[in-house]
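Q: I'd like a close look at one part of this model, please. Start at a single spot, stay with its backbone for a while, and then work outward from there.

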Amino acid sequence: MLKILSWQSRLIFAAFFIPIAAFLFLPLMWMALTSIKPEAEIFVRIPTLWPSATTLQNYVNLFSRGDMVVQLKNSLITAGGGAILTVILATYAAYSFAKFRYRGRKPLMFLMLSAQMFPFAMMLISLYPMLQWAGLLNTHLGLILAYIILALPSGTYMLYSYFVNIPTEIIEAARADGAGELYILHRIVLPLAMPALVTVGLYSFMWAWNDLLFSLTLITQPDLRTVGPGLLLNYIGESRSDWGGAMAASIVSSLPVVIGFAFLQRFFIQGLTAGAVKS
Amino acid sequence: MPVTRHRLRTPGLKAHERRTGFLLLVPALIAFSAVILWPFLQSLKLSLYKFTIDMEQPQFVGLQNFSRILTEPGTLTIWLNTLVFVVATTTLTFIMGLAWALMMNQSFKGRGFVRAASLLPWVLPTTVTAFLAAWIFNGQYGVLNAVLLQTGMIAEPITWLAEQKGAMAAVIITKAWLSVPLFMAFFLAGLQGVSSDQVDAARVDGCENAGVLRYVVLPHLAPTMIIVTILGAMGNLQAFDVIYAMTQGGPIKATTMLSVEVYKQAFQSWDMGTACAVGVVWFVTIAVPTVFYLRILFKREG
């Protein structure tokens, strides 16, 4: 779109590109480098850029502690569960909003979307005694239910704007052929909407995987802890100065989402922004 | 449910189809009511009660919580902290996200990889981001101080997170870092709609890159800019994790936003009435951008 051919425009491009690239990527490199430095090279005022002696000791320590693996497992269960539940609920709701007309449709949609202005912590305050009453504090299920809060409203809207763009003629043709409503949704609409489903799933998985607030409050049992609070409680407090260990733990706990993203990022940018810009 | 009146308006859809439509919504509606709407309404109610850890039952006190928090000078400080944080973070993220999206829209070797990699800051768990930031901003061994000292920009190391202004700056920069990818994604999608005919026409009219940007690209992005700003403000108003993990709201109350205050009142002081009253102030603040957002969405729908 812009022409970057002359040396002047190349210079201007570089003048914007280099600072922002440095801002985005240097911290990540620093995390990786710190994690393979021996302690003696970490605690210096003017650090070396490249470690003179690399070590994997931080990673060895991490896995010999063992709780990292447990926390990763807990995060996978709760974030995965929350994402699956959110996608299922949001899919039916969004399809209903997009392709059916009934009384109260608009007000209900408005209500669900306006939930994005409810402060998370306020819902948590009253959800806490509810989960306590139901015996769901310190359970995976309780946390999974709480994770609906994070992405159900926005996920429903993303899917809604995707479904709206699927031509109604396809659905009507299937109806004329005598196909049931659920058959139409499951066999005809959903296969078309796969990128959107993946996006919403990934989006809510990310929210849940990144969560600190809910997990910190609803889970107090160490063996049920997820990675967010796990990292925080392990490395801040008791051994605040183990920066090499903290960076190694950070990298390991980021890997699952990074790998997931590497495969699905193409869908993600499309799907995430479909509702906000187009339609 | 009286569907007969409705049938006249949408003759194409039979009554049982409408019923199916509503039934499809039911599971989400139940979940929504149970974990979002009901807890929220309960908390609104609780803001009119005194309910601390030593009490068995909440006790109705009317608007006492509000008159107390609204006369405390600390509340204004927290509200202003929130405002500074939201405005600064959203602006910083907006500028970098837009610039980065424009560059990621150019074709160059390795663009696909750089584009994908620039989502990383957003993908990392918030605690990880907070750790990384705390390590970079570390007053004694942090790399930022080392760079600033080596280049002669400062003479003495700055203890970022231990100083009021330093901590606020660090939190703002960190939150901007992790939100740039999201803003970039929105702008990139907006850029897909720029017509190359218009760009060519502007070039024929003698426009250089700057002119193309100013007269074609940026006007086209205007709706995206509005949405991104509003969504960014909403997200930054909700932000808790990264702030809490970096500073716990300190030093003193320098980085205590409404989100952090509600959490602390509720789950550290176990004073639910006060927490919910602060929460109402927070809710009203988030409502401002959200109302604009909803108006745009529903206008678009017609």
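A: Let's start with B:Ile252, which sits in the loop between H12 and H13 of chain B. Keep in mind as we go that this is a predicted model. B:Ile252 has 10 C-beta neighbours inside 10 Å, and because the cut-off for exposed is 12 or fewer, it counts as exposed. Now look at its backbone: phi of B:Ile252 is near 50°, which is positive even though the residue isn't a glycine. For background, most residues other than glycine have a negative phi, and most peptide bonds are trans.

That last bit matters for the neighbour, too. B:Pro251 lies in the loop that runs between helix H12 (241-247) and helix H13 (258-267) of chain B. The peptide bond leading into it from B:Gly250 is cis, with omega near -5°. So if you're tracing this loop, you pass a cis bond at B:Gly250 to B:Pro251 and then a positive phi at B:Ile252.

Follow chain B along and you come to B:Trp270, in the loop between H13 and helix H14 (272-301). Its phi is near 50° as well, again a positive value in a residue other than glycine. As for surroundings, B:Trp270 has 13 C-beta neighbours inside 10 Å, so it counts as partly exposed.

For a contrast with the exposed B:Ile252, turn to helix H7 (residues 126-136) of chain B. There 11 of the 11 residues are buried, so the helix is largely enclosed by the rest of the structure. Among those buried residues are B:Phe131, B:Leu132, B:Trp135 and B:Ile136, along with the threonines B:Thr126, B:Thr127 and B:Thr129.

Stepping back to the whole of chain B, the domain assignment gives domain 1 (4-36) and domain 2 (72-301). Their C-alpha centres lie 38 Å apart. In chain A, the assignment gives domain 1 (1-27) and domain 2 (58-277), with C-alpha centres 35 Å apart.

Now for where the chains meet. The contact takes 86 residues from chain A and 84 from chain B. On the chain A side, helix H13 (residues 243-277) of chain A supplies the largest share, 16 residues. By class, that side of chain A has 64 nonpolar, 16 polar and six charged residues.

One helix pair is worth zooming in on. Helix H4 (residues 67-99) of chain A and helix H2 (residues 15-46) of chain B have axes that come within 8 Å and cross at roughly 140°. That angle makes H4(A) oblique to H2(B), and the crossing is left-handed. From H4(A), the residues involved include A:Leu89, A:Tyr92, A:Ala93 and A:Ser96, and they meet a set in H2(B) that includes B:Phe22, B:Leu25, B:Pro27 and B:Ala31. Counted by class, the contact of H4(A) with H2(B) has 11 nonpolar, two polar and no charged residues.

One last stop, over in chain A: A:Phe23 lies in helix H1 (residues 7-35). It counts as partly exposed because it has 16 C-beta neighbours inside 10 Å. Its C-alpha atom is separated by 36 Å from that of A:Thr220, which is 197 residues away along the chain.

Note on methods: Residues numbered from 1 in each chain as written. Chains lettered and ligands numbered in written order. Predicted model: local features only at pLDDT ≥ 70, side-chain atom pairs only at ≥ 80, totals over all residues. Axes fitted to C-alpha atoms, helices over the stretch in contact; angles between N-to-C directions. Helix = DSSP H or I, 4+ residues; strand = E, 2+ residues; numbered from the N terminus. Parallel < 35°, antiparallel > 145°, perpendicular 65-115°, else oblique. Left-handed = near helix turned anticlockwise from the far one by under 90°. Contact = placed C-beta atoms within 7 Å. Nonpolar A, V, L, I, M, F, W, Y, C, P; charged D, E, K, R; others polar. Domains from an automatic or database assignment. Buried ≥ 20, exposed ≤ 12 C-beta atoms within 10 Å, placed from the backbone.
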